[in-house]
Amino acid sequence: MSYQKIGLICAMEEEIRLLERDMQAEQTSVIAGRTFYEGVLYGRPVTLVQSRIGKVAAASTATTLLDRFGVDCVIFCGTAGGIAPDLHTGDVVVADKLVQHDFFDGVGWFRIPLLDKSYFETEPVLTEGIRRAVIEYVRDRLKQEIPQAHLDEFRISDPKVVTGTVVTGDQFICDPEKNRWIAEQVDNAKCVEMEGAAVAQICYEFGIPCAVVRVVSDGANDNSNLDFERFVSEAACHFTRGALKAFLENAE
């Protein structure tokens, strides 16, 4: 599947800064306080933007990206807290579907009124391309780009790359009980974050393919804040850049 112009979104400055540095920006536009960079990244035409944190910020950014910049697919990259018990810091989740864990309509959880959907699927071919790119990065480049001291600090040696459900809500999860509830209620829940399902819903409504990739920063445990802060500042930017570089360099 060939895409003429790819939209790339990250929520945080730490996650996007290396991409901004590498991009050959031909034009910038500031809309609603967000800077949209149009140009070439790793040989592909892209529009790159930082959404900021949370579902509203992500949905607003995705809507502007699709409505104003003519992208024909969207890729969202960043960090997340692990939900699946076999995931650890540095493992990577490539979403095959996304759901909002905090959406309750008075009758039941997750289902979006009028759309009559609970889970938003990613585009299979795009998702598989991203998955292969992440595997390539982890295998071939990760240890060359992230200082060994940081890998040792976070106990990252051979990260797993898995496919499953990315769970979204406007909460930073650091409650083990909430963690368990999500794992029990959501089909194949792998990780929890604050933007992905909002972007997936906007892409669904526009009829545009999307993919979401998240590197696990912590185990959604009582120490999530400490783990997350350190991981994002010292390693997450390399995971984001590495995965996207491997994908864009090999994209048709």
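Contact here means heavy atoms within 4.5 Å. The exercises below use that criterion on a predicted model.

**Exercise 1. Determine where Thr-127 sits, whether it is buried or exposed, and which residues it is in contact with beyond its neighbours within four places in sequence.**

Solution. Begin with the secondary structure, where Thr-127 is placed in helix H3, which spans residues 124-140. Next take the relative accessibility, which is 7% for Thr-127, and since buried means under 20%, this residue counts as buried. Finally, once the neighbours within four places in sequence are left aside, the contacts of Thr-127 are Val-94, Ala-95, Thr-122, Cys-210 and Ala-211.

**Exercise 2. Establish how many disulfides the structure holds, and examine the surroundings of Cys-191 and Cys-210.**

Solution. The criterion is a pair of cysteine sulfur atoms within 2.5 Å, and the structure holds zero disulfides. For Cys-191, the nearest cysteine sulfur belongs to Cys-77 and is 12 Å away, and Cys-191 is in no disulfide. Cys-191 counts as buried because its relative accessibility is 0%. For Cys-210, which is one of the contacts of Thr-127, the nearest cysteine sulfur is that of Cys-203 at 4.5 Å, and Cys-210 is likewise in no disulfide. Cys-210 also counts as buried, because its relative accessibility is 5%.

**Exercise 3. Describe the packing of helix H2 against helix H7 by axis distance, angle, handedness and residues in contact.**

Solution. Two packed helices are described by the angle between their axes and the distance between the axes. For H2 (residues 55-68) and H7 (residues 196-206), the axes come within 8 Å and cross at roughly 30°. The crossing in which H2 passes H7 is right-handed. On the H2 side the contact is made by Lys-55, Ala-58, Ala-59, Ala-62, Thr-63, Leu-66 and Asp-67, which meet Ala-198, Val-199, Ile-202, Cys-203 and Phe-206 of H7. Sorted by character, the residues of this contact comprise nine nonpolar, one polar and two charged.

To follow one participant further, consider Phe-206, which belongs to H7. With a relative accessible area of 38%, Phe-206 is partly exposed. Not counting residues up to four places away in sequence, Phe-206 touches Thr-63, Leu-66 and Asp-67. In contrast to these contacts, the C-alpha atoms of Phe-206 and Glu-136, which are 70 residues apart along the chain, are separated by 31 Å.

**Exercise 4. For helices H1 and H6, list the buried residues and work out how they are arranged around the axis.**

Solution. An α-helix has 3.6 residues a turn, so residues three or four places apart point the same way. In H1 (residues 13-22) the buried residues are Glu-15, Ile-16, Leu-18 and Leu-19. Viewed down the axis of H1, these buried residues fall within an arc of 150°, so they line one face of the helix.

In H6 (residues 176-185) the buried residues are Lys-178, Asn-179 and Ile-182. They cover an arc of only 105° around the axis, and therefore they lie on the same side of H6. The buried residues of H6 pack against strand E5 (73-82), strand E8 (161-168) and strand E9 (189-193). On the face turned away from this buried side, H6 carries the exposed residues Glu-177 and Glu-184.

**Exercise 5. Characterise Asn-188 in the loop between H6 and E9 by its accessibility and its contacts.**

Solution. Asn-188 is in the loop that runs between H6 and E9. At 35% relative accessibility, Asn-188 counts as partly exposed. With neighbours within four places in sequence left aside, Asn-188 is in contact with Thr-163, Gly-164 and Thr-165. The C-alpha atoms of Asn-188 and Glu-205, although 17 residues apart along the chain, are separated by 24 Å.

**Exercise 6. Explain what is notable about phi at Leu-114 and Arg-155, and state where each residue lies.**

Solution. Most residues other than glycine have a negative phi. Leu-114, although not a glycine, has a positive phi of about 75°. Leu-114 is located in the loop between strand E6 (92-100) and strand E7 (120-121), and at 90% relative accessibility it counts as exposed. Arg-155, also not a glycine, has a positive phi of about 55°. The position of Arg-155 is in the loop between H5 and E8, and with a relative accessible area of 78% Arg-155 is exposed.

Terms used:
Residues are numbered from 1 along each chain as its sequence is written. This is a predicted model: local features need pLDDT of at least 70, side-chain atom pairs count only at pLDDT 80 or more; totals for chains, interfaces and linings use all residues. Side-chain values use heavy atoms; hydrogens and water are left out. Helices (H or I, at least four residues) and strands (E, at least two) are DSSP runs, numbered from the N terminus. Buried means under 20% relative accessible area, exposed over 50%, partly exposed in between (1.4 Å probe, protein chains only). Axes are lines fitted to C-alpha atoms, for helices over the stretch in contact, and angles run from 0 to 180 degrees between N-to-C directions. A crossing is left-handed if the near helix is turned anticlockwise from the far one by less than a right angle, and right-handed if clockwise. Ala, Val, Leu, Ile, Met, Phe, Trp, Tyr, Cys and Pro count as nonpolar, Asp, Glu, Lys and Arg as charged, and the others, Gly among them, as polar. The arc is that of the directions from the helix axis to the C-beta atoms.
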